[in-house]
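Colleague: I've got the sequence and the fold up on my screen. Mind if I throw a few questions at you?

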Amino acid sequence: MARVTTANSGRPGTARRRRGRGDAALASRRREHLVRLAAGLFAEKGFQATTVRDIAKEAGILSGSLYHHFDSKESIVDELLTAYFAETAAAARAAVEAGEDARATLTALVHAAFASLEPHRAAITVLQNDWNHLRSTARFAYVARSEAEIEALWVETIRRGQRDGQFRADLDPELTHRMIRDAVRAAVRWSGRGERTDAARLAEHHLGIILDGVHAR
């Protein structure tokens, strides 16, 4: 019987390319796995308290093997923080660009902030626990810039609400945003531990306090 061949059969280069793609995909999965493990340790122990050895032990590998994927634990934090800021900034811009009034926009911003807690628990914990370290390290200079970009969107929303008469004129917009932001981030320590603390419910409760206060009507 005649042998059926294809255009690529018998070509060593094709096999090597396939192996190369497979190896790259495997390396990518291993890298993602290490980031998830490290994220859990950062959230539990803090970034500065977590060592490369801790991460390697959690992954069941030698410390030296970790350096095949990351040159330092700072590189892992970079991935966590850049992903957090990219997603958070995009969500904030989408809320602002939706064209709703200031109250509806603020509502969308608060919901987006609470929705970021679970997928970015480690990044938020690092920002809370290690802010002074990040601020003093040149490689993390983008953190302050990213915070400022997101804050500008919130502050303009609050100012627009003041101009339109929806929000109190005596509020300091920057201070108001930072108090909301820090209250949301603090919830990362206990949110997601039951039906009463899911992101949407937390956001609605938080908005009730922000927009309507706690006094009886």
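Colleague: Is Leu62 buried or exposed?

Modeller: Quick note before that: this is a predicted model, where local features need pLDDT of at least 70, side-chain atom pairs count only at pLDDT 80 or more, and totals for chains, interfaces and linings use all residues. Residues are numbered from 1 along each chain as its sequence is written, and side-chain values use heavy atoms, with hydrogens and water left out. Leu62 sits in the loop between α2 and α3 (63-66), helices being DSSP runs of H or I with at least four residues, numbered from the N terminus. Buried means under 20% relative accessible area, exposed over 50% and partly exposed in between, with a 1.4 Å probe and protein chains only; Leu62 has 66% relative accessibility, so it counts as exposed.

Colleague: OK, and which helix gives the most to the largest nonpolar core?

Modeller: By nonpolar core I mean buried Ala, Val, Leu, Ile, Met, Phe, Trp, Tyr and Cys residues joined through side-chain atoms within 4.5 Å. This one has 48 residues, and Phe42, Leu81, Phe114 and Trp154 touch the most other members. Several helices supply at least two residues each, including α1 (12-45), α5 (102-115) and α9 (173-186). With nine residues, the top contributor is α4.

Colleague: Which residues does His177 touch, leaving out those up to four places away in sequence?

Modeller: His177 lies in helix α9, and at 3% relative accessibility it counts as buried. Contact here means heavy atoms within 4.5 Å. On that basis, the partners of His177 are Glu151, Trp154, Val155 and Ile158.

Colleague: How many residues apart in sequence are the parts that Arg139 and Asp78 tie together?

Modeller: Their side chains meet in a salt bridge at 2.6 Å, N to O; the rule is a side-chain nitrogen of Lys or Arg within 4 Å of a carboxyl oxygen of Asp or Glu. Asp78 is buried, at 15% relative accessible area, while Arg139 is partly exposed at 37%. Arg139 is in the loop between α7 (131-135) and α8 and Asp78 is in helix α4, so the parts tied together are apart in sequence by 61 residues.

Colleague: And what about Arg103 and Asp212: which helices do they lie in?

Modeller: That pair also forms a salt bridge, at 3.8 Å, N to O. Arg103 is partly exposed at 36%, and Asp212 is partly exposed at 32%. The pair ties together parts 109 residues apart in sequence, Arg103 lying in α5 and Asp212 in α10.
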